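Open the model in your viewer and keep the selection tool at hand. The stops below say what to select next and what is there.

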Amino acid sequence: MNNPERTSSRRGEIVAEATDIWKSYDGGRVEVLRGASVRVREGELVALWGASGSGKSTLLHLLGGLDTPDRGTLRVCGLDPRGERERLTLRRHLLGYVFQLHNLVPDLTVEENIRLPALALGASAKAMAARVRELAERVGLGHRLAHRVQDLSGGERQRAAICRALMNSPRVILADEPTGSLDEQTGETVFALLRELARSQKAAVVLCTHERRYAEACDQLLRMRAGRVEETR
Ligand SMILES: Nc1ncnc2c1ncn2[C@@H]1O[C@H](COP(=O)(O)OP(=O)(O)OP(=O)(O)O)[C@@H](O)[C@H]1O
Ligand SMILES: [Mg+2]
């Protein structure tokens, strides 16, 4: 997959930045990140690529304020995700998170799951329903809106999780293996959607992936190895 626009988005404002991040678990016995840094600009699609266990999800969690680093600085939309109020602002208004294990609510319907992030913002029911439908149709889930998540296939759940992350038109989208459980065609649709959002809404997208072809099609391909992030081009 080539990407003719690759160099054109490099000039945008930096919206997510992690600098010299260190993170270990188990009282220091499991050292995962050892001086990892990443910088993401608006309108840019960035791949975190690396072997299983290399720390991709860990770094994404830290950017999303789901965990805290031992050392290093984090900045997302000008806010530090470690602060409680800042984290709340990020979660409500600025960040969309696609979890590796999608974390949908199984006994709610697809529509109810996708709508969840908008409830806190007080949008009208009509506007929310239209937005849910628009997103679901873009990923081929329009016919599944009334189904409960527990009755969906793995790929359908993944697509619902992506719609939920996009519901509030976030400025930063953190997507952990968003194409991991999808067939090739659906994977391409989802990837194209993320790329289109980066371009049209100037969203910054950080995508963890094992799949080289998606990593290659991003604006930056960052390889995670030995607890650090290497820029490959
Ligand atoms: N809460 C935790 N406690 C202990 N170890 C952890 C914890 N979270 C992550 N790890 C360890 O940190 C390492 C990195 O995990 P991480 O989930 O970031 O890898 P990953 O690159 O996302 O892998 P994958 O491609 O399999 O999703 C792994 O060895 C994992 O076992
Ligand atoms: Mg992971």
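**Tour of the model**

Begin by selecting helix H3, residues 110-119, where Val-110, Asn-113, Ile-114, Arg-115, Pro-117 and Ala-118 are buried. Add helix H4 (125-138) and helix H5 to the selection: both are among the elements that cover the buried residues of H3. In general, an α-helix has 3.6 residues a turn, so residues three or four places apart point the same way.

Before going further, colour by confidence, since this is a predicted model. The mean pLDDT of the chain is 90, and 95% of its residues reach 70 or more. Now select residues 2-9: pLDDT stays under 50 there, and the model has six contacts for this stretch beyond four places in sequence.

Next, keep H5, residues 154-166, on display. This helix supplies six residues to the largest nonpolar core, the largest share from any element. The core has 67 residues in total. To find those that touch the most other members, select Ala-47, Leu-59, Cys-163, Leu-194, Val-205, Val-206 and Leu-207.

Stay with Leu-194. Which residues is Leu-194 in contact with, leaving aside its neighbours within four places in sequence? Select Leu-45, Ile-173, Ala-175, Pro-178, Val-205 and Leu-207. Of these, Val-205 and Leu-207 also appear among the core residues that touch the most other members.

Move to ligand 1 and show the 14 residues that surround it. The closest are Tyr-25, Ser-52, Lys-56, Ser-57 and Thr-58. Strand S2 (30-41) and helix H1 (56-63) are the elements that give two or more residues to this shell. H1 gives the most, with three residues. Coloured by residue class, the shell around ligand 1 divides into three nonpolar, nine polar and two charged residues.

The last two stops concern backbone angles. Most residues other than glycine have a negative phi. Select Asp-20, in strand S1 (residues 14-25). Asp-20 is not a glycine, yet its phi is positive, at about 50°. Is Asp-20 buried or partly exposed? Asp-20 is partly exposed, because 14 other C-beta atoms lie within 10 Å, whereas a buried residue would need 20 or more.

Finish at Lys-202, in the loop between helix H6 (184-200) and strand S7 (204-209). Lys-202 has a positive phi of about 55° and is not a glycine either. With 16 C-beta neighbours inside 10 Å, Lys-202 also counts as partly exposed.

Technical notes:
Residues numbered from 1 in each chain as written. Chains lettered and ligands numbered in written order. Predicted model: local features only at pLDDT ≥ 70, side-chain atom pairs only at ≥ 80, totals over all residues. pLDDT = per-residue confidence, 0-100. Contact = placed C-beta atoms within 7 Å. Near = placed C-beta within 6 Å. Helix = DSSP H or I, 4+ residues; strand = E, 2+ residues; numbered from the N terminus. Nonpolar A, V, L, I, M, F, W, Y, C, P; charged D, E, K, R; others polar. Core = buried A, V, L, I, M, F, W, Y, C linked by C-beta atoms within 7 Å. Buried ≥ 20, exposed ≤ 12 C-beta atoms within 10 Å, placed from the backbone.
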